[in-house]
Amino acid sequence: MTADTPEGKTMETAPVPPSRLGTARPPTPALVPAEGFRQAIAKLPTGVTVLTTVTEDTPVGCTANAVMSLSADTPSVLVSLGCHSRTLEAILDNGVFAVNTLSWSQRALTRKFATGSPAERFAGVPWQPQRRIPVLSAAGVALVCEVGDTATLLDHTVVVGKVVWLRDTNAAPTVLYGREQYPLGA
C-alpha cells in the first residue's frame with residue numbers, strides 16, 4: 001500500500017489486518033441438545049448453596065450451584081443466576097446477599113428452594129439476620145456479600161459478591177453429582 005505524506009511524497013505502508021474485535025459474529029447454532037448437555041453437566045460435582053436476600057423486609061432465596069470463589073486477596077465469590085430470577089432481581093435491588101452452603105443435615109432444602117413456591121421457601125426454616133440478610137441457621141458455611149460487578153452472559157447474570165461477613169461451622173457439606181446429593185467429610 002502507498003500513502004501520501006503531508007509533504008506530498010508517497011511512502012510504503014503495511015496493510016492493516018481487519019480487526020476481529022469490532023466485527024459482529026452471527027450466532028453459533030446449538031451444537032448439542034440442551035437435555036443432553038444437562039445430563040452431561042450434572043456429572044460435574046458442585047456444591048449445593050442457597051442464595052438469600054430480602055425484598056421489602058421479606059426473605060427471598062433460591063438454590064444455586066453456579067457459585068465459586070473468585071479471589072482471596074479481596075475475598076469474593078461469583079454467582080450466576082438466570083436473568084429472570086426473582087432472587088437475582090432482589091439481590092440487584094438490595095445490593096447485599098448471602099451464600100449459604102447446605103450442610104448434609106439440610107439437604108432437603110435443596111428442592112424447597114429450587115422448586116417450591118417462593119412465598120413458602122422460608123416456612124419452617126430457621127435463619128438469623130446478618131447485616132439485614134437472612135442466613136440459614138444450619139448452613140455449613142455462610143457468606144454475606146455486597147454486590148460488586150455484574151455481567152449478563154447469554155441467559156444468566158453473573159454477580160461478583162464481595163464477602164463482608166462469614167461463618168464456618170465445619171459441618172459436612174453436600175455435593176450435587178448426577179442429580180443426587182452426597183455428603184463430604186461425613
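In the predicted model, strand 3 and strand 13 (residues 174-177) pair in the antiparallel sense over two bridges, and within this pairing T46 stands opposite L176 of strand 13. The two strands belong to an open sheet of three strands, arranged in the order 3-13-14 with antiparallel pairing. Strand 3 (46-47) and strand 14 (180-183) occupy the edges of this sheet, where each has a single partner strand, so that one side of each is left without a neighbour in the sheet.

A further open sheet is formed by seven strands, which follow the order 5-4-8-11-12-7-6 and pair in the antiparallel sense. Its edges are taken by strand 5 and strand 6 (67-71); because each of them has a single partner strand, one side of each remains without a neighbour in the sheet. On average, and with direction ignored, neighbouring strands of the seven-stranded sheet are turned by 35° against each other. Within this order, strand 8 and strand 11 are joined in the antiparallel sense over six bridges, and F97 is placed opposite C145 in strand 11. Helix 2 packs on the sheet, where it touches strand 4 (49-55), strand 5, strand 7, strand 8, strand 11 and strand 12, and the direction of the helix makes about 55° with that of strand 4.

The largest nonpolar core comprises 14 residues, and those with the most contacts inside it are V77, V79, L81, F97 and V99. At least two residues of this core are supplied by each of strand 5 (58-64), strand 7 (76-82), helix 2 (86-94), strand 8 (96-101), strand 11 (141-153) and strand 12 (156-168), and strand 7 gives the most, with three residues. The surroundings of V99 illustrate how distant parts of the sequence meet: when residues up to four places away in sequence are not counted, V99 touches T49, V50, L51, V67, V77, V79, V141, A142 and L143. Another core, of nine residues, lies apart from the largest one and has V50, L109, F122 and L136 among its members.

Turning to charged side chains, a search of the whole structure finds one salt bridge. This salt bridge is formed by R38 with E35, whose closest N and O atoms are 3.6 Å apart. The two residues are separated by about one helical turn, because they are three residues apart in helix 1 (residues 34-41). R38, at 44% relative accessibility, therefore counts as partly exposed, and E35, at 37% relative accessibility, likewise counts as partly exposed, given that this class lies between the limits of 20% and 50%.

For the chain as a whole, the secondary structure comes to three helices and 14 strands. Buried residues account for 32% of the 186 residues in the chain. Among contacts between residues at least 6 apart in sequence, 60% join residues that are at least 24 apart. The accessible surface of the chain comes to about 12,000 Å², of which 58% belongs to carbon and sulfur atoms.

Definitions and conventions: Residues are numbered from 1 along each chain as its sequence is written. This is a predicted model: local features need pLDDT of at least 70, side-chain atom pairs count only at pLDDT 80 or more; totals for chains, interfaces and linings use all residues. Side-chain values use heavy atoms; hydrogens and water are left out. A nonpolar core is a set of buried Ala, Val, Leu, Ile, Met, Phe, Trp, Tyr and Cys residues joined through side-chain atoms within 4.5 Å. Buried means under 20% relative accessible area, exposed over 50%, partly exposed in between (1.4 Å probe, protein chains only). Helices (H or I, at least four residues) and strands (E, at least two) are DSSP runs, numbered from the N terminus. Contact means heavy atoms within 4.5 Å. Two strands pair if DSSP finds at least two bridges between them. Axes are lines fitted to C-alpha atoms, for helices over the stretch in contact, and angles run from 0 to 180 degrees between N-to-C directions. Accessible areas come from the Shrake-Rupley method with a 1.4 Å probe; for residues, only the protein chains shown count as cover. A salt bridge is a side-chain nitrogen of Lys or Arg within 4 Å of a carboxyl oxygen of Asp or Glu.
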